[in-house]
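Thank you for passing this model along; my comments are set out below as numbered points. Please read them beside the sequence and the coordinates.

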Amino acid sequence: MFPDISKLPTPESVIPQIDKALRTIFASAQTRRDYPDAGLPEADMSEAEKRHAAGLMRINHSGEVCAQALYQGQALTARNPEAARALLEASDEETEHLAWCEKRLNELGSHKSFLNPFWYAGSFALGALAGALGDKWNLGFLAETERQVEGHLDGHLSKLPDQDAKSRAIVEQMKIDEIKHADTALAHGGAELPGPVKEAMRLTSKILTFAAYRV
Ligand SMILES: [Fe+2]
Ligand SMILES: [Fe+2]
C-alpha cells in the first residue's frame with residue numbers, strides 16, 4: 001500500500017504558508033479599519049500600570065498570532081468553499097487585531113512575545129487537524145476558540161488600568177469582532193465540541209496566558 005502522493009503538500013502550496021507565518025511573526029501587520037483608539041488621549045499611568053497593561057496586550061497579541069495560524073491551517077483544509085471564504089474573511093479581521101495590539105504594545109514601550117513562533121506552529125497544527133476532521137468540527141472548534149477568546153477579552157477589560165482608554169477601546173472592538181466570528185462559524189454549521197475538548201482548549205490558553213504575560 002503506497003500513500004497517495006497527489007495529496008502531499010507541493011512547494012506551491014507550502015511556500016505561501018511559510019510566507020504568511022514569517023510575516024505574522026516578524027513583520028508589522030496592517031489595518032484597513034481605523035485603529036479603535038484613534039483620537040483617544042494617552043493615559044497617565046505609573047510604570048507598574050504600564051507594565052501590567054503591556055502584559056495583557058501581549059497576551060492579546062499572541063492570541064491573535066494563534067488566530068492567524070489557526071485560520072490559516074483551517075482554510076487550507078476546509079472542504080466547503082463557502083466555509084473557506086468565511087474563514088479567510090474572519091482571518092483578515094484577525095490581521096487587523098494583530099496590528100492594533102502591536103501598535104499598543106509599542107506605545108506602552110513593550111515588546112511582542114518571544115514565544116510567538118512557538119504559538120504559531122502549535123496553532124497551525126491544531127487548525128490543520130481540526131480542518132482534517134471535516135467542516136462541522138473545524139467550524140465548531142473555531143466557534144469555541146472565539147468564545148473562549150471573548151471570555152479572555154472580557155476578563156482583560158476588568159484587569160486593565162481604568163484610565164487606559166486606548167487599550168480598552170482596542171479590546172472592546174476585538175470582543176465585538178470575536179463574537180461575530182463565533183456566530184459566523186456556527187452559521188456555517190459548526191458543531192458543539194465535547195466538554196473534555198473545551199477543557200483541554202482552556203488549559204492550553206492558560207499556558208499561553210501565563211507565558212505571554214511575562215515573555
Ligand atoms: Fe482576534
Ligand atoms: Fe476572531
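The points that follow concern a predicted model, and they take up the metal site, the helices, the nonpolar cores and two serines in turn.

1. The iron ion (ligand 1) is coordinated at 1.9 to 2.4 Å by Glu64 (OE), Glu64 (OE), Glu94 (OE), His97 (ND1) and Glu178 (OE). Along the chain, the donor residues of the iron ion (ligand 1) are spaced E-x29-E-x2-H-x80-E. The pair of Glu64 in helix 2 and Glu178 in helix 6 links distant parts of the chain, 114 residues apart.

2. For the iron ion (ligand 2), the protein donors are Glu94 (OE), Glu146 (OE), Glu146 (OE), Glu178 (OE) and His181 (ND1), which lie 1.8 to 2.3 Å from the metal. The sequence spacing of the donors of the iron ion (ligand 2) is E-x51-E-x31-E-x2-H. Glu94 belongs to helix 3 (residues 81-107) and Glu178 to helix 6 (residues 165-187), so this pair ties together parts that are 84 residues apart in sequence.

3. How far apart are the iron ion (ligand 1) and the iron ion (ligand 2), and which residue bridges them? The separation is 3.8 Å, and the bridging residue is Glu94. As to the surroundings of these donors, Glu94 and Glu178 are both buried, the relative accessible area of Glu178 being 1%, and Glu64 is buried as well, with a relative accessible area of 2%.

4. His181, which lies in helix 6, deserves a separate look. His181 is buried, with a relative accessible area of 3%, and the side chain of His181 is joined to that of Glu93 by a polar contact of 2.8 Å. If residues up to four places away in sequence are set aside, His181 touches Tyr71, Ala90, Glu93, Glu94, His97 and Glu146.

5. Helix 3 has 27 residues and reaches 39 Å from its first C-alpha to its last, close to the 39 Å expected at 1.5 Å a residue. After helix 3 comes Gly109, which has a positive phi, near 70°.

6. Helix 4 (residues 116-132), with 17 residues, reaches 24 Å between its first C-alpha and its last, which is close to the 24 Å expected at 1.5 Å a residue. Which residues of helix 4 are buried? They are Asn116, Trp119, Tyr120, Ser123, Gly127, Ala130 and Gly131, and because they cover an arc of only 100° around the axis, they fall on the same side of helix 4. Phe118 and Leu129, on the other side of helix 4, are exposed. Helix 4 is followed by Gly134, whose phi is likewise positive, near 110°.

7. The largest nonpolar core has 22 residues, and those with the most contacts inside it are Met57, Leu108, Val171, Met174 and Leu208. At least two residues of this core come from each of helix 2 (47-77), helix 3, helix 5 (135-159), helix 6 and helix 7 (195-214), with helix 2 giving the most, namely six residues. Met57, leaving aside its neighbours within four places in sequence, is in contact with Cys101, Arg104, Leu105, Leu108, Ser167, Ile170 and Val171. Apart from the largest core lies another core, of ten residues, among them Ala83, Leu139, Ala143 and Ala185.

8. Ser113 has its place in the loop between helix 3 and helix 4. Is Ser113 buried or exposed? Ser113 is buried, with a relative accessible area of 5%. The side chain of Ser113 reaches the backbone nitrogen of Leu115 at 3.0 Å, and a polar atom of that side chain lies 3.2 Å from the backbone oxygen of Val215. Beyond residues up to four places away in sequence, Ser113 touches Arg58, Ser62, Trp119, Ala212 and Val215.

9. Ser205, finally, is found in helix 7. The side chain of Ser205 makes a polar contact with the side chain of His152, at 3.3 Å, and, residues up to four places away in sequence not being counted, Ser205 touches Gln148 and His152. Ser205 and Thr145 are 60 residues apart in sequence, while their C-alpha atoms are 9.6 Å apart in space.

Note on methods:
Residues are numbered from 1 along each chain as its sequence is written. Chains are lettered from A and ligands numbered from 1 in the order in which they are written. This is a predicted model: local features need pLDDT of at least 70, side-chain atom pairs count only at pLDDT 80 or more; totals for chains, interfaces and linings use all residues. Side-chain values use heavy atoms; hydrogens and water are left out. Helices (H or I, at least four residues) and strands (E, at least two) are DSSP runs, numbered from the N terminus. The expected span of a helix is 1.5 Å times one less than its number of residues. Buried means under 20% relative accessible area, exposed over 50%, partly exposed in between (1.4 Å probe, protein chains only). The arc is that of the directions from the helix axis to the C-beta atoms. Donors are N, O and S atoms within 2.8 Å of the metal (3.2 Å for Na, K and Ca); water is not among the atoms, so sites may look incomplete. A polar contact is a pair of N or O atoms within 3.5 Å; within protein, one must be able to donate a hydrogen and the other to accept it, and residues adjacent in sequence count only if both atoms are side-chain atoms. Contact means heavy atoms within 4.5 Å. A nonpolar core is a set of buried Ala, Val, Leu, Ile, Met, Phe, Trp, Tyr and Cys residues joined through side-chain atoms within 4.5 Å.
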